[in-house]
Amino acid sequence: MKKLSVCLVMVVFLVVSCGEQGQARASARDLVGNYATDFNTGKELLSLNAHGTFVQVFNGTFVQVFTSTKSRITTRGKWHLDNEFLGATEVLLEGNLASEDDDKNSQPIYGQRSLIVHREQGKLKLALNETSDWFYDRAN
């Protein structure tokens, strides 16, 4: 019975760790680096730093309620990982700008963003929205 349990754990580990496509597990060290994504209105860059901070820069047209302006928005905050048992790694950004759709005269609101780690063709990427196929791709 003990051998069966050990074999089952090893098989589950191999299935989870060897998957080339889709959600993946990664260490903080693996994730440090620069990521980029393109939107219809501009480009966003995300830098995950080794000491647990991030810098997020959006360049383009910032769409707010009934208005849009060309701008550069920089957000800084902290990041950490959340690993569920046998699940994908989740990158949590603390201090992420969460009020991009608010009126231009309102105060910015900062919150948390969750990004699920994926692996595609050996490269890590971070899912903004898996259903809509929006990802930050590794830039370096």
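In this predicted model, the side chains of H118 and E130 are joined by a polar contact of 2.5 Å. The two partners sit in rather unlike settings. H118 belongs to strand β7, whereas E130 is found in the loop between β8 (123-129) and β9 (134-138). With a relative accessibility of 10%, H118 falls under the 20% cut-off and so counts as buried. E130, at a relative accessible area of 35%, is partly exposed, because that value lies between 20% and 50%.

Now for the surroundings of the pair. Leaving out residues up to four places away in sequence, E130 touches Q23, I116 and H118. Q23 is 107 residues away from E130 in sequence, yet their C-alpha atoms are 9.8 Å apart in space. On the same basis, H118 touches G22, Q23, A24, K123, L124, K125, A127, E130 and F135. Q23 thus turns up in the list for E130 and in the list for H118.

Next comes V117, which is among the residues with the most contacts inside the largest nonpolar core, a set of 15 residues. The others named for their contacts there are L31, L46, L48, V91, L93 and L126. Two or more residues of this core come from each of β3 (42-48), β6 (89-97), β7 (110-120) and β8. In soluble globular proteins, nonpolar side chains tend to be buried together. Setting aside neighbours within four places in sequence, V117 is in contact with G22, Q23, A24, A26, L31, A88, T89, V91, L124, K125 and L126. Among them, L31, V91 and L126 are also listed with the most contacts inside the core.

Notes. Residues are numbered from 1 along each chain as its sequence is written. This is a predicted model: local features need pLDDT of at least 70, side-chain atom pairs count only at pLDDT 80 or more; totals for chains, interfaces and linings use all residues. Side-chain values use heavy atoms; hydrogens and water are left out. Helices (H or I, at least four residues) and strands (E, at least two) are DSSP runs, numbered from the N terminus. Buried means under 20% relative accessible area, exposed over 50%, partly exposed in between (1.4 Å probe, protein chains only). Contact means heavy atoms within 4.5 Å. A nonpolar core is a set of buried Ala, Val, Leu, Ile, Met, Phe, Trp, Tyr and Cys residues joined through side-chain atoms within 4.5 Å. A polar contact is a pair of N or O atoms within 3.5 Å; within protein, one must be able to donate a hydrogen and the other to accept it, and residues adjacent in sequence count only if both atoms are side-chain atoms.
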